[in-house]
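Biologist: Before we discuss any labels, could you put the sequence and the model in front of us?

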Amino acid sequence: MSEFQLSRVERPRLDSVNHDVLAAQVGGQWDWCWANALPYRALVAPAAGAPMPAAPERGVDFMPYLGYWASLQSFLTYSFGWTRHDRGLRWWYDAGKPMDDARFGLIEAVWGRDGNLLPYIEWCHDRLSTFEHQALAEWTDYDGAADQLSSEWQRRFAEARDEFTFDGTTPHGKHLEGGSHVEGPAGTRYDATLTVSGERTAVYAAESALGWYRGLVELGAGLPLKPNASWRVEVFVRPIGFLGTYRRSRSTGLWFSGQHRYHSVGN
């Protein structure tokens, strides 16, 4: 797997800007969603010094770092097709952190190396009962029940809570439980086309970052059924770029990128 050469960047400072235009370009409210496109771009060019959000600092205003956490949450949701980020990431740790999928390498190179991945998993587990909205729940049987934790995970979470703060170094208090900050790709309106390019291949192109996942779901439902085979759809979103090759899971009903075994562990 290629090593990631990344440049870490702070949230851009914008003076006068049309927030409706921004939302269509980043897929939601700017403060939370400004970095949502960055993981996809880094995957396309891992050695090119692609920008990724800078690590939060202790004791400073957390607002500039909302995108640091929201980009991780959005990436796990719409690339892996996960509804249970806590479950998927705990599986990854327990499996020894396999790196045969470049997305795991990117997650480790940013949030793992920053020491902020375990706090995110703890937050996911802690807030399961208070999630107001799960962006993919309408298309699958969402399981919001907390899993019984091993003694090792209980220890890890206890350590994460011991370092609990309300600054940018924790996802707690960042309004990530509500869907409005990460549901943009699953929004009700979309502007997209799906074109069959081969016997089992198609190309999906969305003009806006808002609603692109819903467009994939709804337009993808019109593809002819292929017994014992899946459609492979190359997904492009104009403001973001190439997001990956997606398939629809026969077990969860969700669209995802990468290997199915890495999709299933987070549901």
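Modeller: What follows is a short exchange on salt bridges and burial.

Modeller: This is a predicted model, in which local features need pLDDT of at least 70 and side-chain atom pairs count only at pLDDT 80 or more, while totals for chains, interfaces and linings use all residues. Residues are numbered from 1 along each chain as its sequence is written, and side-chain values use heavy atoms, with hydrogens and water left out.

Biologist: What makes Asp147 and Arg84 a salt bridge?

Modeller: The term requires a side-chain nitrogen of Lys or Arg within 4 Å of a carboxyl oxygen of Asp or Glu; the closest N and O atoms of Asp147 and Arg84 are 3.4 Å apart, so the pair qualifies.

Biologist: Why is Arg84 called buried, and why does Asp147 count as partly exposed?

Modeller: Buried means under 20% relative accessible area, exposed over 50%, and partly exposed in between, with a 1.4 Å probe and protein chains only. Arg84 has 1% relative accessibility and is therefore buried, whereas Asp147, at 22%, is partly exposed.

Biologist: How do you know that Glu138 and Arg214 form a salt bridge, and which of the labels do they carry?

Modeller: Their side chains meet at 2.6 Å, N to O. Glu138 counts as exposed because its relative accessibility is 51%, while Arg214, at 9%, counts as buried.

Biologist: Which residues are linked with Arg84 in a network of salt bridges?

Modeller: The network links Arg84 with Asp86, Arg87, Arg90, Asp143 and Asp147; within this group, Asp143 pairs with Arg87, with the closest N and O atoms 3.0 Å apart.
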